[in-house]
Every structure is written in structure tokens, then in C-alpha cells.
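I opened the notebook to look up a few features of a structure. The entries are kept short.

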Amino acid sequence: MKLTIKRVPTVVSNYQEDAGERPRGGCGRNCLGHCCLPVSELPVYAFKANPTKLPLQEDAVPTDFFINLLLGQWEDRMTQGLFRYDVTACETKVIPGNLGFVAQLNEGRHLKKRPTEFRVDRVLQPFDSAKFNFTKVGQEEALFQFENSGSDDSYFLRSAAATVADRAPNVVAINVSPIEYGHVLLIPRVLDHLPQRIDQESFLLALHMAAEAASPYFRLGYNSLGAFATINHLHFQAYYLTVPFPVEKAATQRIPLAEGGIKSGVKVSKLMNYPVRGLVFEEGNTLNDLANLVSSACIWLQDNNVPYNVLISDSGRKIFLFPQCYAEKQALGEVSQELLDTQVNPAVWEISGHIVLKRRDDYEEASEASAWRLLAEVSLSEARFEEVKAYIFDAACLVQSQVEEETDDAIYAPVPVGPSAVGEGCLVIP
Amino acid sequence: MEELDELRGSFLLTDPAMPGHPIVYASRGLAALTGYPRRELLGRNARLFQGAATDRAAVSGVREAVRAQRAHQVAILNYRRDGSPHWVLLHLAPVFHAADGRVLHFLAVQVPIAPASPPRRHPGRPAPLAACREEARGEEELPCASHVGEVFVDIDKRGLEAEELRIASGCDKEMALSTANNIFSTLNRYSKLTGLVVCERRCDSVGIPALSSSLNLSLGRIKQSFVLTDRHLPDMPIVYASDAFLSLTGKDFCCSNHLTYPGYSREEILGCNCRFLNGPGTSAEVLEEINQHICREEACTVHLLNYRKDGSTFRDLLHVSPIRNSSGKVAFHVWVHLDESAKHDFSGLTPEVWQLGAVGAVRVAVRSLSASGSLLRPSQ
């Protein structure tokens, strides 16, 4: 039996609607496909190969350059009218409470059209070039290529051949239905038509982008199929929000690791006192070590048909992994109608605490309790989570140490930078 | 003050620092309206326009506004040199020194008020030759449509019931305001020569809401040259200015970071309208275009000639855009400047994208921080 749900897919590109109608090859417009991209020029941002703190050379780009480039290009596309709406005209607020969920009222984000069927029981599905994918996107929606400079310094080329390396270019494009200002998509190796599945190289690329932006307020996110990804073409999302995400403020409890697991320097914790159960991976000797470990975990999940979401936070130093089951519950009719009526699809941003609401009533009445209630439906049960966690540890060659650490209490994850006062102490689980 | 001679309208400037609070400048329009040649007005106190039938309460209101150094508008019966009475809308405004806030002048604009009913034809009665503060009905062309039929009115034929109270129309008030604005603009355009920046209101931070420290911090990280203005406050004052903007208004002869002629200080410009950057060479059409876009809450990019503090000019690539806060409504406007004649290193970005980067960074800061309630200082 095939499990499906009906949803109105989010439109991330202006070319998404007529995807089925255009003939392939020689499309006659500047797209990101094999027909156009190899002979086109896009700006290239080349990131530092080793994002550690090294003194900059004179001709390296200044530290805020990446942000300037991204926001400047984004604003430029705003003036060109490429977005479906002005997201800055949508009301937004931080809901009072310990975690500070961020709610937004956006009545125009979701189309008023017939919902499509999405299969939610297969996390891995083969790439289908007949369906919409990012090679069909017009180049005006692409902001720049994102490639490894191979050196210790970043640099920027205003215009360079799109296949500057021997492999397919990685492209950063706008999301025409942005959740927030600056919402972009990172599409690794766009010409290779990779389906939505994580591999080590792509994951490392995403970490590099977080490190390059070097801002605690710039996060990347990933949704697997079955966890509310709408397009089966490998992509990450990213945007700025100058407040901490609730999940970043939640308590965590370190999972002690036995010898073998410590080699990479990665620390693993469990999220505490948060509606969705998840793992937190941080530090690591190098970005590569962190990417290796987390991508192994993701690969196990997708190979074993467990939908999941990933949040990359703290400039690539901290990664949240959320296995989830909401779509399956929805397909089996196990979600309450009240929650279904909000039409909130809990993908990575919602799980992290940034919730876009479609109806004004929901927005006015949004509370920490209501957000908690919604997100609690997303989480795996404690038993199932422990089971999955054990498999993930296996796959990542981690061994949980049997020795209990002295303190059994939840350890608070420090807030990276935050202007608002956060209530200290543990949350009481309702 | 010869530049003021170019302006239309009936107005005068006084100097409150001199004994007797005399008139120090009278426009040609005022001379025509009141019948006094300009040389006869200089050195006199403006009460010379008042007369027997001038309402004492109105006069006392004006006196009080002068004492309190604030703007004031009142319809008042004045007398011309020949003794004939006429009604004017008197628009009084103090002219402040931008840096130290002292009152340099009082500006008084007189706009004739048309009678509500057709004027009765009375034989002109000679009124006592008392000095009155009379509004002069200028015979120059008036912009308001309602005055079209009365462009030139023969003074002798006008018979006014002196006791009949007149009320200024919206048109009259607009006329007064626009004349006053023009005068302020002119004073500023030539202030480079006088060395003074003037303001319509005392330019200190007391009148404007203070931005929160977290917003100031976030804005402080933005490297471009920009200011934020608040359209909801009178005369759309500057509420934030970046360091780079202050440097932009200074002159750097040595091509180093050390400015040989420093620009405006933050204290000088916070609370002031942006017009202090403009000068005689600044295109009025471009300024109007900017105003139109601001009113329509749209962004625009323009090239215009602007002036540094020392009076030298520079070609400015200016981008103005509305900035919304978390309520979704426009809270500020951002003005990002770029001196096109100076050398810049954009590391490969085009100047336009570099500027838009500042706009984006301001948007993110204002939106996010207002969502968490930390846009204004709590004491507001």
C-alpha cells in the first residue's frame, strides 16, 4: 500500500508551474540546464578550503563580504519583482515564553490551487527529469556559484564561465516563496541531477556555506522526502533571522562516547525539554570530520526509510538532526483535524521554531503551548527514537560509553548571541 | 541673503538677538503686498503691521510663540502702509542653528486669505496709520486652483469689512508651508557659504525616539554609507547615521583614512532632514522624484549632485528604500549614498549590488529585532 498525502507544494521557483510543458533541450531561455548553463556566466564565490581563523591576505574578500553579496543580490532580485510576495510586509513576532517561538502571518505563501499527491513512505526516490527540478530554473533566479577556492582565502569573480571546475557547478538561487528575507537554495552540482538525498560531499558543501557566512543568524536546513521536501532534486535552504531559534535555546544532554567515537572530536548530545526529539552534533576536529559523521547518520536514515530534517546552525559548528513521522501519521489519519487545519507542514524551519501561519486567527492566538502541541506530533516516540539513535550510532561508528557522567541534569546549550532575555532553568514538559 | 530674492512669496526674517527684535530681511513679495519698500522694513519690529482692529488675542498668541521659540500659524488682520486692512495667514517658524540649537532667526510668511463671500464694494475708508501686522496678498501667481480667478486683485477696489473674521483655507496653509520649506531649503543650500546648517526644529535627539542598543549594534556592523529617516515624525528626520556616512560628508585630500576636512558629526545631523546635503547644483527634479517614491513607499535609485560639509560637491549614487518592521508596515526609509568620484573597493561586486547589500542588512536587522520587541529603547 502506497502512503500518500495531499499537499499544495510550495513554489520555490517562478518556473515551477510550467515544468511539464517545456520541451527539453534548446529551450531558448537562460536556464540552469545542460542546454544553457555550460555556455553561460554566473558570478562565482569561492570559499576558503579551511575555514579556521587564519590571517587574511590582502586580496582576500573581507569577512562580511558573503553576507553583502547574498543580501545585495537578493535585494536586487526584489527590485526586479521576482518574488511572489514581499516577505517583509508579513507580520512576525516572537511568542512570549521560554523558548521564544517565532510566528509569521503569511496568507500569500500557499497557493490556492489543487493539492498534489506526495508519496510519504519512500524517503529515497529516483530523479525524474519530467518533473520540476532546478535545471529548469531561469538564470535570473540564480545568484552565484559556490565553489571551493582550494586555498586559504575566499575570492569572488563577478562573472565566470559556469563550468569553471571540471565538475558541475553548485548554484545558490533564490526561493521565490521566501520564509524570511534572504531565503536562498543551495543546489549542489545542479547539472548532475542528484535526487533529494544527502551524501558526504554535498553535506560538507552546506557546512562550508554556513562557515563562510560566519554568522550565528544564518542557518541552513534540509528536508528529506517524506519530511516535507517538495522537490526531488538535491537542495538545502538558508536564510537570516537575527534572533535565536527556539531549538538553539533548548537544553541538551551530552552523550558520553567511548574511545573510538572520540577520534573525530565530534560531541553528540540529545535534545532535552523540546517538543521534537533530536540529536545535536557539534565541534569536530575539522569541518570534514563533522560532515562525515552527520552524513553517515543521514545516510542510514534515508536508506532505512526514516524521514528526517537537519538544521545547520552556529556557522556550521552545530547540527541538529530530527527524525520525524508526521507525514506518515497524516497519511494514516492519525493527526487531529485541528492541527491539519492550520496547514502547517512541520519541516526543518518549523521544527526549529520558526512557524509560518496561514490564518490570522492562528497567528493572533499562537502561543508557546500551541506551537509545542503541533511540534510534539512530529517527534518520534521515546522508544522509537532510542531505537533509531542506536542504529545511527552504529552507522556513524560511535559507541555510547556506559559510564554515566557525574551530572544527570540537563545541560543548557548557551545562546550564541541574543538580544532578548531568556528565562533560565528547565522547561516543564506539559 | 540675495539668494532669497529669487523666491516667491511674502516673508520676512527677524533677528531675535538684536535689540528690538528687528526685521533683517524682507522679500520683494512682502514689499508688494504691504506697500512698504524693503528699506523701510529693515530694522523695524514686525508689530508695525498691526493696527486698531487687529485681534489682541491673535497678537498675544504670536508673541507667546516667539517667546517659546516654536512654530505658529494664525489668521490675523494686518494693515498696509496706506492704512488699508487685509487678512493674512501668518506662518511663524524659528530657524535653529543645527549644531548648538540656538535660534538664529524667526521666519514669518504671510499668505493673503481670500474672502469667503464676494467682497462688498465699499468706498475705501482710510484707516488710522497704525503699524499693523498685515498679511499681504501677493499679486504673483498662486499655485492653488481656487485662486486662479483672483490672480491679480486691484487693491483699491477691494473693500474689506475689517471686523469680518477670516479663516485660512487648506490651500492657504499649504501655500504657507511650501513657502517656508523653500526658504529653509534655500537657506541650507547656501549655508555652505555662511558656514551654518539650519533646521526647522531644534536638531537634537530629544525629539526623536532613540533606537535600541541592539538595533544600533546591528546597524553599526553595516559598512556602507547610509542614514535612516522616519517619515512619521515631522520633517522626516534622520534617526540613524552610519560612520561611513559621516566620513562621506568630509573631504579627504590624502587618499587615506584620515580626513583632512571632517564631515558632519552625528549630533549635527540626528533629527535633521536630509536636505542639508543639497545645494544650488542639486537637481530639484531629482529631489521631487525621490519624494514621490517615498510617498508611494517605493524604492528608487538616482544620481544627484550633493554637497559635503566644506561646500565641495560630489556625484552621489543614492538608493532610497522603505524599510518595514515586524508589523509589516514601513517604519523607516534607508538612504544609501555612494560618492561616485571616490575610489572604492567592492571586491568584485557592482556598486549597485554593494549598495543593495546595505539595504538588505538594514531590512534584516529592523525586521528581526522589532519582532522580538527590541527596536526602541524601553523608556519609550
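The entries below go from chain B as a whole to side chains in chain A.

Entry 1, model. I noted at the start that this is a predicted model.

Entry 2, secondary structure. I counted the elements of chain B and got ten helices and eleven strands.

Entry 3, domains. I looked up how chain B is divided. Domain 1 takes residues 1–115 + 168–199, and domain 2 takes 213–371. I then checked the distance between the two C-alpha centres in chain B, which is 33 Å.

Entry 4, burial and surface. Chain B has 380 residues, and 53% of them count as buried. The area that chain B exposes is about 17,300 Å². I looked up the share from carbon and sulfur atoms, and they supply 54% of that area.

Entry 5, contacts. I took the contacts in chain B with a separation of 6 or more. Residues 24 or more positions apart make up 61% of these.

Entry 6, aromatic rings. Over all chains I found 27 aromatic pairs. I followed one cluster linked by ring pairs in chain A. Its tyrosines are A:Tyr45 and A:Tyr240. The phenylalanines in it are A:Phe47, A:Phe65, A:Phe66, A:Phe144, A:Phe146, A:Phe156 and A:Phe218.

Entry 7, charges over rings. Which ring does the charged end of A:Lys93 sit over? I found it over the ring of A:Tyr363, at 4.4 Å from the ring centre. I also looked up A:Arg219, which lies over the face of A:Phe245. The distance from A:Arg219 to that ring centre is 4.2 Å.

How values were computed. Residues numbered from 1 in each chain as written. Chains lettered and ligands numbered in written order. Predicted model: local features only at pLDDT ≥ 70, side-chain atom pairs only at ≥ 80, totals over all residues. Heavy atoms only, no water. Domains from an automatic or database assignment. Phe/Tyr/Trp six-rings, centres within 6.5 Å; stacked < 30°, edge-to-face > 60°. Lys NZ or Arg CZ within 6 Å of the ring centre and 35° of its normal. Helix = DSSP H or I, 4+ residues; strand = E, 2+ residues; numbered from the N terminus. Buried < 20%, exposed > 50% of the residue type's maximum accessible area, 1.4 Å probe, protein only. Contact = heavy atoms within 4.5 Å. Areas by Shrake-Rupley, 256 points an atom, 1.4 Å probe, with all protein chains shown as cover.
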